Amino acid sequence: MEWLEQLLAPENLLALLGVVVTLGGLSYERLIPGRKRIGYRVQMDTLIDDAAEDGQIHQRLRMLENTPDLAGASLVLLRIENDGFRSIDADDYITAPSTEHRGLTATFPNRTVRDVAVTEPSHPDLLRHLPQNGTEERPGLICTGHEIALPRVPLNKGDHFKLLVLLTGNGTDKPPHVGGRIKEGRIRNNEKFRRPSNRVLGLIGSLLALLILQTFGTQFLKDDPLPRGCAQGTLTVVGSTAFKPVAQDLGGAYESDCLGARIEVAAQGSGRGTNTLREAGESAKAGFPAYLAFSDGPAGDGDPKLKEHLVALSVFSVVVNKDVRIPDLSLTELRGLYAGRIIRWNQLPGGPDLPVRLVSRDAKSGTRGVFEGRVLGGNEISRTSDNCRTPNFARDTVIRCELDSTGEVLKAVADTPGAIGYAELHSAEASAAGGDVRLPRLDGRIPSTDAVRARTYPFWEPEYAYTYTAPPANSLTSKFLDYLAGDTGRNLIEKHGHLPCSVPENRRACDIR
């Protein structure tokens, strides 16, 4: 029984355990109760007209010579399927009321959709091609720019359809992707999760994997290509402290999905972050630094080398110490407080007999810039206190301090009687849930993403990601930005109380022109 002795050797048992754990994890992820899943994969993506080439393929497509507007044309075959274990109904698609017939969106970066045909459709009546001026009054395919809007197609287990898409533009370096949201599930690129035909094939595959591991050892693992959307190396994320929780969670998720990648988050404020990015870019020998800077609002200062990427809309709130039991502040009252005209809370109806202590951010803060621009309509007054409790000089009647981060502001407001400050909404709500601070309404409006989407609440700002020049297509920076716009990024942005701009129903709110 020599083969059994070899199988029971410690190194082979370890390899077998690794295969079993891997297959068990994949099986659990597929069979987890309640999960619905739409998978997609690109089955073909090829140029059919390349003016730079004069090879055999180009010779066979001389018909394109009479259609100069199709220069650089390419064909994509995209398969979309229900690869879960539960059926998906039309009502399972999550969309905005204004786009009730829309389900998924297929995006082809840097290319323009010229035509599309549906093959192997499970519901031909729903998957007909509407003209570009089609309305939302009936379901169908609508092609606009680099996107195809798909209707809410019911998909039973195993159902699928394919899109054969004719495109123009030099975008073949970035893969197509499908976005959208479904209840109790998700949408994913399933190219690396293809289902075996039966359990016997799965067992054979496991045994083959074990044999390969025995034969080639760790070299097999070293030669394994990176998953689609992944890159290795280290990326440093700087900038906004308000967006820091999103950056940290997103970095952790990316590191889990992409082995060999490291995301370091060093948030120090929007202004300081873009300055750090600029300095790293100017000193980078290769011309492109592995840095990304988040900013509350635009912070490029007109520098053409800082490239702006709209990520989300961030919502902010005024916060007061728990002893300040004023449920609502008008913009006029708030401006009076920050101008130093109101220095005691009992000058306002229902206010306690406490001095007003203004807890602010430093001048490099993006959150402070949002507060001054959208709420105060002008600059805050000068700093007068180092401890947020007493003025530095007896002649000062206003108490105002400056702190470096969102967390420091929330802690100071919670610990200081009569304090008032401002912070990103999700962090402020967490502090208020613990009873440390209160969140007054602004002009009767409760801070919320819905109020921002409806433009009825004033304290919000676009969240941007900045890179130093355009990132190379296969760089970690580029892949991380794509990850941010994907399903995981969207879910994490929403979890932290922001509006992701890559979600179709938020695009109107994110149109800030």
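A helix here is a DSSP run of H or I, at least four residues long, numbered from the N terminus. Keep that in mind for later.

This is a predicted model. Overall, we have 15 helices and 21 strands. The protein has 513 residues, and 45% of them are buried. The exposed surface comes to about 25,200 Å². Carbon and sulfur atoms supply 53% of that area. Now contacts. Take those between residues at least 6 apart in sequence: 77% join residues at least 24 apart.

On to one sheet. It is open, with five strands and mixed pairing. Read across, the order is β4-β7-β2-β1-β9. Which strands stand at the edges? They are β4, residues 112-119, and β9, residues 185-189. Each has a single partner strand, so one side of each has no neighbour in the sheet. Ignoring direction, neighbouring strands here are turned by 20° against each other on average.

Look inside the sheet at β2 and β7. β2 covers residues 74-82, and β7 covers 160-168. The two run antiparallel, joined by eight bridges. One residue pair to find on screen: Glu-81 has His-160 in β7 as its bridge partner.

Back to helices. Helix α14 spans residues 487-495, and Arg-490 lies in it. Is Arg-490 buried or exposed? Its relative accessibility is 7%. The cut-off for buried is under 20%, so Arg-490 counts as buried. What does Arg-490 touch, leaving out residues up to four places away in sequence? Gly-179 and Gly-180 are on the list. So are Leu-484 and Ala-485. Pro-500, Ser-502 and Val-503 complete the set.

Definitions and conventions:
Residues are numbered from 1 along each chain as its sequence is written. This is a predicted model: local features need pLDDT of at least 70, side-chain atom pairs count only at pLDDT 80 or more; totals for chains, interfaces and linings use all residues. Side-chain values use heavy atoms; hydrogens and water are left out. Buried means under 20% relative accessible area, exposed over 50%, partly exposed in between (1.4 Å probe, protein chains only). Contact means heavy atoms within 4.5 Å. Accessible areas come from the Shrake-Rupley method with a 1.4 Å probe; for residues, only the protein chains shown count as cover. Two strands pair if DSSP finds at least two bridges between them. Axes are lines fitted to C-alpha atoms, for helices over the stretch in contact, and angles run from 0 to 180 degrees between N-to-C directions.
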